[in-house]
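Biologist: Hi! Could you walk me through this model?
Modeller: Happy to, let's put it on screen.

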Amino acid sequence: MGKRIAIHVVLIVFATIAILPLVWLICTAFTAPEDSPGNLLFPWGRLTLANFSELLARQQFGRWLINSIFLASTYTVSVVTLSSLGGFALAKYQFAGKRLLMLIMLGTMLLPAQVLLPGNYELMYKLGWIDSFLAILVPGAVSVLGIFLFQQAMLGVPDELLQCGRLDGCSELRLWWEIALPIVRPMIGAFTLLSFLSAWNSFLWPQIVLQNEAKYTLPMALNNLNSLTDYQQHYSLLMAGTFISILPVILLFFALQRDFIAGLTSGAVKG
């Protein structure tokens, strides 16, 4: 009994330490700007929404938010769709060169993403996609990690169900859509959240290819906002922007929490 209490106390202490930055961020975001400079450690003051209204009034924050939502959503839909198709093909079809293809795919995962930046930029320049959302969406539409994750999940789809579907006249795409995807729903939820989070927080590649300020994403906008002289000491405004940027991810996590946890723990228990 005493051991269990000690474990819970330690967990509560670490959980409190982990959540303190988020609490500080929220308190600062809703604190009046004139109260925050003198209360950095304990930003309690007059609660107000003025930081959010000023942020939306003085900057193109609404446009940047829409850009991030559009890019993250489109990227997530495309990468989950193509990864599930690739995983389904690798798991359920036998074809010549399959093992070689998987080795090549695995080799691409060993290359640091930064090494590919010059070549990717040159390709985007030749295609005329610099300062275009296509430069962000197209190169990242296929995820080797996602294909391998879905391959493992698709191995759990019974071949008998697929054969029954073929006997009933289902096309291969219909087998993937109506039989395979519902069975691997936990993996879909987990990979959807991971993909959205990756696209939402992406900074380096959009910073390289996007030049028009109207096309900025939230990470780029917050970075530029932090570099402006007017906002260097305006912590409340910066934290308000940060709070808005993390809100969609938190809402998505709660919406997909069950599938996310089930997807991460799938295959952990045998039998």
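Modeller: This is a predicted model. In the protein chain, residues 24 or more positions apart account for 73% of the contacts with a separation of 6 or more.
Biologist: And how many helices and strands are there in the protein chain?
Modeller: The protein chain has 14 helices and zero strands.
Biologist: What percentage of the residues in the protein chain is buried?
Modeller: Buried residues are 37% of the 271 in the chain.
Biologist: Switching to pockets: how much space lies in the largest pocket?
Modeller: The largest pocket holds about 1200 Å³. It is lined by 33 residues, and Tyr-75, Ala-113, Pro-139, Gly-140 and Val-142 are the closest to its centre.
Biologist: Which helix gives the most to that lining?
Modeller: That's α10, with six residues. Helices that each supply at least two residues include α3 (61–92), α4 (98–109) and α7 (144–154).
Biologist: How do the lining residues divide by class?
Modeller: There are 23 nonpolar, ten polar and no charged residues in the lining of the largest pocket.
Biologist: Back to α10, then. At what angle do the axes of α9 and α10 cross?
Modeller: Helix α9 (residues 172–183) and helix α10 (residues 185–200) have axes that cross at roughly 75° and come within 4 Å. That angle makes α9 roughly perpendicular to α10, because 65 to 115 degrees counts as roughly perpendicular.
Biologist: Which residues meet there?
Modeller: From α9, Leu-181, Pro-182 and Ile-183 meet Arg-185, Pro-186 and Ile-188 of α10. By class, this contact of α9 with α10 has five nonpolar, no polar and one charged residues.

Technical notes: Residues are numbered from 1 along each chain as its sequence is written. This is a predicted model: local features need pLDDT of at least 70, side-chain atom pairs count only at pLDDT 80 or more; totals for chains, interfaces and linings use all residues. Side-chain values use heavy atoms; hydrogens and water are left out. Axes are lines fitted to C-alpha atoms, for helices over the stretch in contact, and angles run from 0 to 180 degrees between N-to-C directions. Angles under 35 degrees count as roughly parallel, over 145 as roughly antiparallel, 65 to 115 as roughly perpendicular and the rest as oblique. Contact means heavy atoms within 4.5 Å. Ala, Val, Leu, Ile, Met, Phe, Trp, Tyr, Cys and Pro count as nonpolar, Asp, Glu, Lys and Arg as charged, and the others, Gly among them, as polar. On a 1 Å grid over the protein atoms alone, a cavity is a set of points where a 1.4 Å probe fits but cannot get out, and a pocket is an open set with protein on both sides within 12 Å along at least five of seven lines; lining residues have an atom within 4 Å of a point. Grid points are joined across faces, edges and corners, and a volume is the space filled by probe spheres set on the points. Buried means under 20% relative accessible area, exposed over 50%, partly exposed in between (1.4 Å probe, protein chains only).
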